[in-house]
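Let's look at a protein together and ask why its parts get the labels they do. Each answer will set a value beside a definition.

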Amino acid sequence: MTRLRLVAGWAALGLAVFAFSSSPASAQDARLEAAKKEGKVVWYTSLALSSAEKVAKLFEAAYPGIKVEVHRTGSQRILQRVMQELQANIKNVDVIHTSDAGHYVLLKDKKLLLKYTPAGIDGFPAAFKDKDGYHYGLRATVNVIAYNTKIIPAAEAPKTWKDLLDPKWKGKLVTAHPGYSGVIATHVLALVQLHGWDYFKQLAQNKPMLVQSAVDPSGIVASGERPIAADGGDYTFYQVKKKGNPVEIVFPKEGVPLVVSPSAITSFAPHPNAAKLFTDFIFSRDLQQVLADSEGLYTGHPDVKYPADRPKLSELKLLRVEPEELEKRNEEIKTRFVEFFGA
């Protein structure tokens, strides 16, 4: 087995040195040489920028000579960009990672994904694997409520999704937008299935501040600009809390929307060997453990251990949305949200 070790300089980033195991030496060496000739992998991702850049630097340290070109934006804009580029006959992206599982239903149907199985994926749960082998869940996020502890006493903080509808929270909430974020599109559909569209009609009456990404509410709450987040990726609140900000996370008892964020190689990838190498890397146990340790993310890897201050997915009531349903109702979700919230 070939083992590539990251250099000890990563201690400055707060990351442990880890070994990355890959495929047998002969196959690995051939792919590595081909990937080095390609020189880079182009990655469109909705992962928080700081996390995406960390993954890129770890890969570049493990594979000197192969750069990761990170393009980070919201899930919906990633899909829009890919489709617009293809219409202009631009084939730029190698690996696509968004938090809207419905995108992969569409992309697979249009034959825009390469069938490729990353090394070591067998042990992942079924919810993290496309049955046809075109895409796999890189990470999972749950949507939560969060609040600023300097402004909202714990005893008064909302504990359920419906608590957010209380008129006393008018002008004190922040919510991300399903027209930008795949995490939030999934969140909206999960709560529509739980409470109906009337829930969002009532939530809009509390005049929440609208932001784009599921990453954005954590900064708004940490600063106190709006003291309560009506949604947002749990890992983003975990990160700002670990940095000493006065943020507390609430996992509502009705359940938390589970967002499995797939990754796939495009069928037209301009750097196919680097794309396969990168895909094997991001699904390795070592990188998946980094996502859990330093980024606060959940993963499908069965050998990943989670920090003691993070609940396990098995300890949470999870609200699941089928990718096909998400794709089918995508326009409805965005249209109804704009109808209620005005933007």
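Q: Why is Lys241 called partly exposed?

A: Good place to start! Lys241 has a relative accessible area of 35%. Buried means under 20%, exposed means over 50%, and partly exposed is in between, using a 1.4 Å probe and protein chains only. The value of 35% falls in between, so Lys241 is partly exposed. A word on the source: this is a predicted model, where local features need pLDDT of at least 70 and side-chain atom pairs count only at pLDDT 80 or more, while totals for chains, interfaces and linings use all residues. Residues are numbered from 1 along each chain as its sequence is written, and side-chain values use heavy atoms, with hydrogens and water left out.

Q: What makes Lys241 and Glu248 a salt bridge?

A: A salt bridge needs a side-chain nitrogen of Lys or Arg within 4 Å of a carboxyl oxygen of Asp or Glu. In this pair the closest N and O atoms are 3.1 Å apart, so the definition is met. Glu248 is partly exposed, at 28%.

Q: Why can such side chains pair at all?

A: Side chains of opposite charge can pair when their charged atoms come close.

Q: How do you know that Asp309 forms a salt bridge with Lys242?

A: Their closest N and O atoms are 3.2 Å apart, which means they meet the salt-bridge definition. This pair links distant parts of the chain, 67 residues apart: Asp309 sits in the loop between α10 (285-293) and β13 (318-319), and Lys242 in helix α8 (residues 234-242). Helices (H or I, at least four residues) and strands (E, at least two) are DSSP runs, numbered from the N terminus.

Q: Why is Lys242 called exposed, and Asp309 partly exposed?

A: Lys242 has a relative accessible area of 55%, so it lies on the exposed side of the cut-off. Asp309 has 44%, so it belongs to the class in between.

Q: What makes Lys108 and Asp130 a salt bridge?

A: Their side chains meet at 2.8 Å, N to O, so this pair fits the definition too. Lys108 is in helix α4 (residues 102-109) and Asp130 in the loop between α4 and β6 (136-142), 22 residues apart.

Q: Is Asp130 buried or exposed, and how do you know?

A: Asp130 has a relative accessible area of 9%, so it counts as buried. Its partner Lys108, at 23%, counts as partly exposed.

Q: Why is Ser181 called buried?

A: Its relative accessible area is 5%, so it falls under the cut-off for buried. Ser181 lies in the loop between β8 and α5 (182-195).
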